[in-house]
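Colleague: I'm getting to grips with this one and keep getting stuck on one part, the loop and what sits around it. Could you take me through it slowly, starting at the loop and working outward?

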Amino acid sequence: MRELVEVVVRSLVDHPERLTVTETQRGSAIVVEVVCDPEDTGKVIGRQGRVIKAIRVLARTLGLKAGRKVEVEVR
């Protein structure tokens, strides 16, 4: 999951060297946390949250195929 989110987000940001994507286990769910430069946060979230919603749909779909619940958070 982390790799998918990282590839998508890295293509969106202006400062990919400041991007950190981590994957942790929280109960039965996998949590993918994205930490990026404050200037890039708006690009990752998108207008009215459309970009992050699309990233979450991709991650959840891949997680369903693996039988796991996936959450994507932006910090």
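**From Gln48 outward**

Modeller: Start with Gln48, which is exposed, its relative accessible area being 64%. Anything over 50% counts as exposed, so Gln48 gets that label. Keep in mind that we're looking at a predicted model. Where does Gln48 sit in the chain? You'll find Gln48 in the loop between helix H2 (38-45) and H3. Take a look at its backbone, too: Gln48 isn't a glycine, yet its phi is positive, about 55 degrees.

Now step off the loop onto the two helices it joins. The axes of H2 and H3 come within 5 Å and cross at roughly 65 degrees. That crossing is why H2 counts as roughly perpendicular to H3. Which residues do the touching? On the H2 side they are Lys43, Val44 and Ile45, while H3 brings Arg50, Val51, Ile52 and Ile55. Sort that contact by class and you get five nonpolar residues, two charged ones and no polar ones.

H3 has a second helix to deal with. Helix H1 (residues 2-12) packs with helix H3 (residues 50-66) at an angle of about 160 degrees, and their axes are 10 Å apart. Angles over 145 degrees count as roughly antiparallel, so H1 and H3 are roughly antiparallel to each other. Their crossing is right-handed. H1 makes the contact through Leu4, Val5, Val8, Val9 and Leu12, and H3 through Val51, Ile55, Leu58, Ala59 and Leu62. By class, the residues of this contact come out as ten nonpolar, with no polar and no charged ones. Put the two contacts side by side in your viewer: Val51 and Ile55 are in the list for H1 with H3, and Val51 and Ile55 turn up in the list for H2 with H3 as well.

Next, follow H1 across to the strands. There's an open sheet of three strands here, in the order E1-E2-E3, and its pairing is mixed. At the edges you have strand E1 (20-26) and strand E3 (69-74), each pairing on one side only. Ignoring direction, neighbouring strands of the sheet are turned by 20 degrees against each other on average. H1 packs on this sheet and touches E1, E2 and E3, with its direction making about 150 degrees with that of E1.

What does "mixed" look like strand by strand? E1 and strand E2 (residues 29-35) run antiparallel and are joined by seven bridges. E2 and E3, on the other hand, pair in the parallel sense, over six bridges. You can trace individual partners on the E1 side: Thr20 stands opposite Val35 in E2, Thr22 opposite Glu33, and Glu23 has Val32 as its bridge partner. On the E3 side, Val34 of E2 has Val74 as its bridge partner. The link from E1 to E2 is a hairpin with two residues between the strands, and Gly27 in that turn has a positive phi of about 65 degrees.

Is E2 mostly covered or mostly open? Mostly covered: five of its seven residues are buried. Ile30 makes a good close-up, as it lies in strand E2. Buried means under 20% relative accessible area, so Ile30, at 8%, counts as buried. Leaving aside neighbours within four places in sequence, Ile30 is in contact with Met1, Glu23, Thr24, Gln25, Arg68, Lys69, Val70 and Glu71. One of those, Val70, is 40 residues away along the chain, yet the C-alpha atoms of Ile30 and Val70 are separated by 4.8 Å.

For a last stop, go back to H1 and pick out Arg2, whose place is in that helix. Arg2 is partly exposed, with a relative accessible area of 27%. Setting aside its neighbours within four places in sequence, Arg2 is in contact with Val21, Thr22, Glu23 and Val32. You've met Glu23 and Val32 already, since they are bridge partners.

Technical notes:
Residues numbered from 1 in each chain as written. Predicted model: local features only at pLDDT ≥ 70, side-chain atom pairs only at ≥ 80, totals over all residues. Heavy atoms only, no water. Axes fitted to C-alpha atoms, helices over the stretch in contact; angles between N-to-C directions. Helix = DSSP H or I, 4+ residues; strand = E, 2+ residues; numbered from the N terminus. Parallel < 35°, antiparallel > 145°, perpendicular 65-115°, else oblique. Left-handed = near helix turned anticlockwise from the far one by under 90°. Contact = heavy atoms within 4.5 Å. Nonpolar A, V, L, I, M, F, W, Y, C, P; charged D, E, K, R; others polar. Pairing = 2+ DSSP bridges. Buried < 20%, exposed > 50% of the residue type's maximum accessible area, 1.4 Å probe, protein only.
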